[in-house]
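Hi everyone, thanks for coming. Let me put the model up on the screen, and then I'll walk you through a few places in it.

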Amino acid sequence: MLLHVTSLPGGPSSGDLGRSAYEFADFLVKAGQTRWQTLPLNPIGEGSSPYSSASSFAGEPLLISLERLVEEGLLEARELEGVTVASPEWRCSFEESRTLRERLLAVAYRRFADRPRRTLLDAYDAFCEREKSWLDDYCLFGALTKRFETRQWTRWPREMALGEKEAIRRARGELGEQIDYLAFQQFMFDRQWRALHDYCQTRGIAIIGDMPMFVAHDSCDVWANRRAFLLDEEGELEFVSGAPPDAFAAEGQRWNNPLYDWPDHIKTGFTWWTRRIERQLALFDVLRLDHFIGFSRYWRIARDAKSAKDGQWVPAPGRAFFDGLSRTHSHLPLIAEDLGAVSEEVWELRDRYGFPGMKVLQFAFSNEGSAAVHLPDHYPRTSVAFTGTHDSDTTRGWYRTLRERHERGEPGASDELHRAHLWLGTGDEPEVVPAAIWKLSESLADTVVFPMQDVLNLDGSHRMNAPGTAEGNWAWRLRSGELDDGVSARLREIAERTGRSPALRW
């Protein structure tokens, strides 16, 4: 099942790591499922996106459960009176959630600092020592962001933006209290996440994480590792990331992420990348590498280019990186998101290390020449198959749009609709999604993943993200009680009848 933690029904105004997360794990067991895929757990960024974070190492404080802080003795139950812990709505309110949680997290931190329990303090000290390679910089970055009221570090005083040693030493002394508070937040996130992860493991549920290829310019990753990115002397972007023109974007796409200085990464033995991967694999059982193509080649656009189509493909040293990683890790549980402008080199890189690639059923019926590879009859065993992804419409929404295109007489739409009807065996809208789930489950793919919106057969108003739009994304949320016995029984039947139930595996 694909369900982000913020989409859980428990927690004030957005899902968190409290009771509903454990109840969801229990639901998966009851439904005969063995995998839970999340989106990145890093601090959410612009537009509430988990893919535009202030850090690719840190966790989002909004995910910290206030209920669990009561259990730790850091909050009192009366302080949660009036705080909603089950959602009657299916939209998150991140601003409301942050306002409420920050107030109570500050109370919890004060109690932790003033009268710490020995066992909790020991665990905190161990966490800070274990994660110091990224934690110290992240907490200072967060404290400076608060002081200067912006994450855009190139707008800070020059000596701070460029990390001059004396300025940094002075800031650490002046901002010690705020730095400690941010470290406490990361400790509680890490503690609660690992407890949930352990619970899932005891229940036979593996968690699939998601790691973006690129990072945000206004992030600790770039500020603390400027040499690792293509920046000018003031820290501004020299080039930006994007994609070339295709059927969906005639001018190409300009994503505006900084690009990696790959020669510098080679020189350092890919230290930053290795630490990043290892941090994520410590949190998840399996890791999906978003935009895997970027390890083979990337679309480089000059910062002053008028259009993304003026960019060029540049090779990336993915083979050297994964060769080094393979020498120190006997097993790399990675999934390659090999969608988009994929070349033979990308497939060769994926297959060299045995990484499963992705198949998406919604892509199977288009008039593109490569569409057939997304039909379940063609899936290799080493693949992970989806009805749709967090970036696509819900499958019911996709089908409704396809019918509307056909009714408008759009070129090619009738052929696509005809192929979908033939393969799914139905043209009845309510039956399309159940048919898609069955067909995917009957495929040879080792793993099949269903977004929760498809499990509930929801229309396009419930989609998680619409790429290219700035508002209204990432906020979809389960309502309390939606995952009833009927839903779990249907999923279990599918798992058992297609041989995917844990009880039926060798």
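Let's begin in a loop: S48 sits between β1 (35–37) and α2 (66–71). Helices and strands here are DSSP runs, H or I of at least four residues for helices and E of at least two for strands, numbered from the N terminus. Phi of S48 is near 65°, which is positive, and the residue is not a glycine. Most residues other than glycine have a negative phi.

Before I go on, a word on what we are looking at. This is a predicted model, in which local features need pLDDT of at least 70 and side-chain atom pairs count only at pLDDT 80 or more, while totals for chains, interfaces and linings use all residues. Residues are numbered from 1 along each chain as its sequence is written, and side-chain values use heavy atoms, with hydrogens and water left out.

A second positive phi turns up at N457, near 55°, again in a residue other than glycine. You will find N457 in the loop between α17 and α18 (485–497).

Now to a helix. α14 covers residues 395–408, 14 residues in total, and spans 20 Å from first C-alpha to last. That is close to the 20 Å expected at 1.5 Å a residue, where the expected span is 1.5 Å times one less than the number of residues. Which residues of α14 are buried? They are T395, R396, G397, W398, Y399, L402 and R405; by buried I mean under 20% relative accessible area, with exposed over 50% and partly exposed in between, using a 1.4 Å probe and protein chains only. These buried residues pack against α15 (413–424), α16 (429–441) and α17 (452–455), with contact meaning heavy atoms within 4.5 Å. After the helix comes G409, with a positive phi near 80°.

Next, the loop between β8 (334–336) and α13 (344–352), where L339 has its place. At 16% relative accessibility, L339 counts as buried. Leaving out residues up to four places away in sequence, L339 touches M358, V360, F363 and H374. L339 and M358 are 19 residues apart along the chain, and their C-alpha atoms are separated by 7.1 Å. V342 is in the loop between β8 and α13 as well. V342 is in contact with I293 and W347, neighbours within four places in sequence set aside. From V342 to S296 it is 46 residues in sequence and 9.5 Å in space, C-alpha to C-alpha.

On to the cysteines. How many disulfides are there? The count is 0, a disulfide being a pair of cysteine sulfur atoms within 2.5 Å. Take C139: its sulfur is not bonded to the closest cysteine sulfur, in C128, because the two are 7.5 Å apart, too far for a bond. C139 is buried, with a relative accessible area of 1%. For C220 the closest cysteine sulfur is in C139, at 8.8 Å, which is also too far for a bond. C220 is buried too, at 6% relative accessibility.

Finally, empty space. Rolling a probe the size of a water molecule over the atoms shows where it is left. On a 1 Å grid over the protein atoms alone, a cavity is a set of points where a 1.4 Å probe fits but cannot get out; a pocket is an open set with protein on both sides within 12 Å along at least five of seven lines; and lining residues have an atom within 4 Å of a point. Grid points are joined across faces, edges and corners, and a volume is the space filled by probe spheres set on the points.

The whole structure has 3 cavities of 30 Å³ or more. The largest holds about 140 Å³. Of its 16 lining residues, L2, H390, P451, Q453 and M464 are closest to the centre. The second largest cavity has about 60 Å³ and 13 lining residues, with S53, S56, P212, F214 and V215 nearest its centre.

The second largest pocket has a volume of about 750 Å³. Its lining has 23 residues, and R98, E102, G142, T145 and L182 lie nearest the centre. α3 (94–114), α5 (132–148) and α8 (176–202) each supply at least two lining residues, and the largest share, 5 residues, comes from α5.

That's my tour, thank you!
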